[in-house]
Amino acid sequence: MTPIRIVAGTAHPGLAAAVAAALGVRPVPCDVERFPDGELRPVVHGVQGADVYVVQPTGPAVNDHLVELLLLLDACRRGGAGTVTAVVPYFGYARQDRRDRAGQAVGARVALDALASAGADRLIVVEPHTAALEAMSPVPVEMLTAVPILADELAELTPDAAVLVAPDLGAVKPAEHYARLLGRPVAVVRKTRLSGERVHAEELVGDVEGRPAVIVDDMISTGGTIEAAVRVLLARGAAPDITVAAAHGPLADAARDRLGRLPIRCLLVTDTLPVNGARSGALRVRSVGPLIADAVGRLRSGQSLDTLLMRG
């Protein structure tokens, strides 16, 4: 079989190491030279003829990490790699999948085209913000789901009386996936986004009175969506014993402030991005390293990824 190489970008070397360990290999050496003006020049070693997987989430600082990923892909291709797969657990720009007014860019499409042009043969992502990513990409995309990983943890953290809450209409399908795995009902909050940080929750569909609530979403950035959902839940009589679960935790400073003021007893995320454990005593983190390694192993052996993929 073609040798495998795991290349770790600087965005999340810990996750790359976890993926490599699960596959029984070590990450290959990679040097990223940084010029005084911020310019990057990566050098990748020992990839000639290999099946290469470049692990680099494009989280904060999104633009720096995206450019580094593009250069790493090009370096691997120029280093003679047999195949190059971009493993981007958190895919920045996925929220920009359509225009809502004239003159806007479609950032997701631009990023996908750039990855393909830089040399990626395939893309692996975890819980992207939009399922349209696959249709927009010039190369095959494997969209892995973190829902079973988080649901396994939630089964131990939450009582049987808990209700799963989608904080907006975009989170309904993931919430239904959690519900199937946990055997619990779903409630839905309808919201209006006022700005990048401000959200207004308008109504709640579902019975939450007296019940612990589990808010599930794909990511938490500013915390505005979660805050709005919590306010509605408490106003509708939900128990002040709220759990929040999300695949991705960029957790900007605004999110820390917001969530710290809310009755959240547990905040559960994965390690698609580096997570500072000191941010909250309620924070729990589950690793997607084994999930990604499983997907890589199946791709290399020609096995189906069906049970690992996000449901559309």
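The following exercises concern the fold of a predicted model.

The model's local features need pLDDT of at least 70 and side-chain atom pairs count only at pLDDT 80 or more, while totals for chains, interfaces and linings use all residues. Residues are numbered from 1 along each chain as its sequence is written, and side-chain values use heavy atoms, with hydrogens and water left out.

**Exercise 1.** Determine how the radius of gyration of the protein chain relates to the globule rule.

*Solution.* Step 1: the protein chain has 9 helices and 14 strands (DSSP runs, H or I of at least four residues and E of at least two, numbered from the N terminus). Step 2: its radius of gyration, taken over C-alpha atoms, is 20 Å, close to the 20 Å from the globule rule for 312 residues (2.2 Å times the number of residues to the power 0.38). Step 3: the chain is therefore as compact as a globular protein of that length.

**Exercise 2.** Identify the strands that pair with strand 13 (pairing requires at least two DSSP bridges).

*Solution.* Step 1: strand 12 (residues 242-248) runs parallel to strand 13 and is joined to it by 4 bridges; Thr243 stands opposite Cys266. Step 2: the chain passes from strand 12 through helix 8 (residues 253-260) to strand 13 in a right-handed β-α-β crossover (clockwise from the first strand over the helix to the second, with the strands pointing away from the viewer). Step 3: strand 14 (residues 283-286) is also parallel to strand 13, with 4 bridges, and Leu268 stands opposite Arg284.

**Exercise 3.** Explain why strand 13 is largely enclosed.

*Solution.* Of the 7 residues of strand 13 (residues 264-270), 6 are buried, so the rest of the structure largely encloses this strand (buried: under 20% relative accessible area, 1.4 Å probe, protein chains only).

Methods. Buried < 20%, exposed > 50% of the residue type's maximum accessible area, 1.4 Å probe, protein only.
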